[in-house]
Amino acid sequence: DTAAIQAMLDSGTAAVMLDVPEKEYLISKTLVLRSDCELCLSRFTRIVLAPGSDCLMLRSDGTQNVSVSGGIWDMQNMKQAPNPLWTHTYGAIEHKDYDERYLGVAFRFFNVKNLIIRDLTLRDPVTFGIQMAEVYQFTVANIIFDYNDGNPVMGTMDGVHIEGGCRFGRLVNLQGRCYDDLVAINADDFWRGPISDITVDGIYAEGSHSAVR
């Protein structure tokens with residue numbers, strides 16, 4: 001279903017609303033959101049990353065007004081390449097890197113103003129559910145993290161992984177099981193820089209290393 005969904009996202013429409021499928025949506029490449037676009041799924045529609053895809057499920061190529069809501073986003077981590085942060089198979093990463101290489105992340109957003117991620121489930125990423133850097137004015141709300149297995153171990157599996165340059169963000173009503181940090185705020189990780197004005201409210205962590213770190 002990758003090509004069909006991406007064609008809708010590239011059409012220039014302000015909102016792409018996917019119908020409820022007979023079973024699920026299956027993607028094998030990263031879906032790319034543009035500026036001034038919202039992607040909407042019904043709350044319990046399942047969208048699955050095909051085995052061996054070894055890529056992000058969703059990223060933004062837009063710089064403003066990007067939104068995604070609904071769905072159960074299942075990365076199927078046991079059917080992807082093993083965690084590259086654990087196996088050290090990702091190659092040398094400099095602190096200026098924020099490219100599309102496979103790090104086992106489900107959603108990645110970089111350099112976006114006005115980002116909304118809400119009302120969805122992230123299931124079994126290889127590493128982070130949501131990774132963002134240089135994001136200004138954002139809301140992540142009503143997210144369930146449903147992590148069940150580790151490939152190969154239950155490590156480096158964050159929920160929301162915030163990096164340098166993020167400002168004026170609100171994280172609210174995040175719940176579930178992340179084997180590492182449900183919310184990780186890192187000014188010195190893959191993308192270095194100051195982080196400011198982040199509000200966190202309503203964190204319900206189960207079986208996680210930390211609720212917020």
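These are my notebook entries on strand pairing, aromatic pairs and polar contacts in a predicted model.

**Entry 1. Strand β13**

I began with strand β13, which covers residues 181–185. I asked how many of its five residues are buried. The count is four of five, and I therefore noted the strand as mostly covered, with buried taken as under 20% relative accessible area.

I then looked up the pairing partners of β13. Strand β11, residues 160–162, runs parallel to β13, and three bridges join the two. Within this pairing I located His-161, whose bridge partner in β13 is Ala-184. Strand β15, residues 210–212, also pairs with β13 in the parallel sense, here over two bridges. For this second pairing I recorded that Asp-181 stands opposite Ser-210 of β15.

**Entry 2. Ile-185 and the nonpolar patch**

I next examined Ile-185, a residue of strand β13. Is Ile-185 buried or partly exposed? Its relative accessibility is 30%, and Ile-185 is partly exposed because the buried class ends under 20% and the exposed class begins over 50%. I also found Ile-185 in a nonpolar surface patch, which it makes with Val-200 and Val-212. The area of this patch is about 190 Å².

**Entry 3. Aromatic pairs**

I searched for aromatic pairs and found five in the structure. One of them joins Phe-107 and Phe-109, with ring centres 6.4 Å apart and planes at 90°, an edge-to-face arrangement. Both residues of this pair, Phe-107 and Phe-109, are buried. A further pair is formed by Phe-145 and Tyr-147, again edge-to-face, at 6.0 Å centre to centre and 80° between the planes.

I checked which residues make up a cluster with Phe-107 and Phe-109. Trp-73 joins Phe-107 and Phe-109 in one aromatic cluster.

**Entry 4. Phe-145, Tyr-147 and Asp-146**

I returned to the pair of Phe-145 and Tyr-147 to record accessibility. Phe-145 has a relative accessible area of 2% and is therefore buried, the limit being under 20%. Tyr-147 counts as buried because its relative accessibility is 0%. Phe-145 lies in strand β10.

I also noted a contact of Phe-145 across the sequence. Its C-alpha is 6.5 Å from that of Cys-178, although the two residues are 33 positions apart in sequence.

Asp-146 is likewise found in strand β10, which spans residues 130–146. At 17% relative accessibility, Asp-146 still counts as buried, because the limit is under 20%. I asked which side chain Asp-146 meets in a polar contact of 3.1 Å. The side chain is that of Asn-148.

For the reading of neighbouring residues in strands, I kept one general point in mind: in a regular strand, side chains alternate between the two faces of the sheet.

**Entry 5. Gln-80**

My final search concerned Gln-80, which I located in the loop between β8 (72–74) and α2 (84–87). Is this loop residue, Gln-80, buried or exposed? Gln-80 is buried, because its relative accessible area is 6%. I then traced what its side chain reaches. The side chain of Gln-80 reaches the backbone nitrogen of Asp-54, at 3.0 Å.

Methods: Residues numbered from 1 in each chain as written. Predicted model: local features only at pLDDT ≥ 70, side-chain atom pairs only at ≥ 80, totals over all residues. Heavy atoms only, no water. Buried < 20%, exposed > 50% of the residue type's maximum accessible area, 1.4 Å probe, protein only. Pairing = 2+ DSSP bridges. Patch = residues over 30% accessible without salt bridge, like charges linked within 9 Å, V, L, I, M, F, W, Y side chains within 5 Å. Areas by Shrake-Rupley, 256 points an atom, 1.4 Å probe, with all protein chains shown as cover. Salt bridge = Lys/Arg side-chain N within 4 Å of Asp/Glu carboxyl O. Phe/Tyr/Trp six-rings, centres within 6.5 Å; stacked < 30°, edge-to-face > 60°. Polar contact = N/O pair within 3.5 Å; in protein donor to acceptor, adjacent residues only side chain to side chain.
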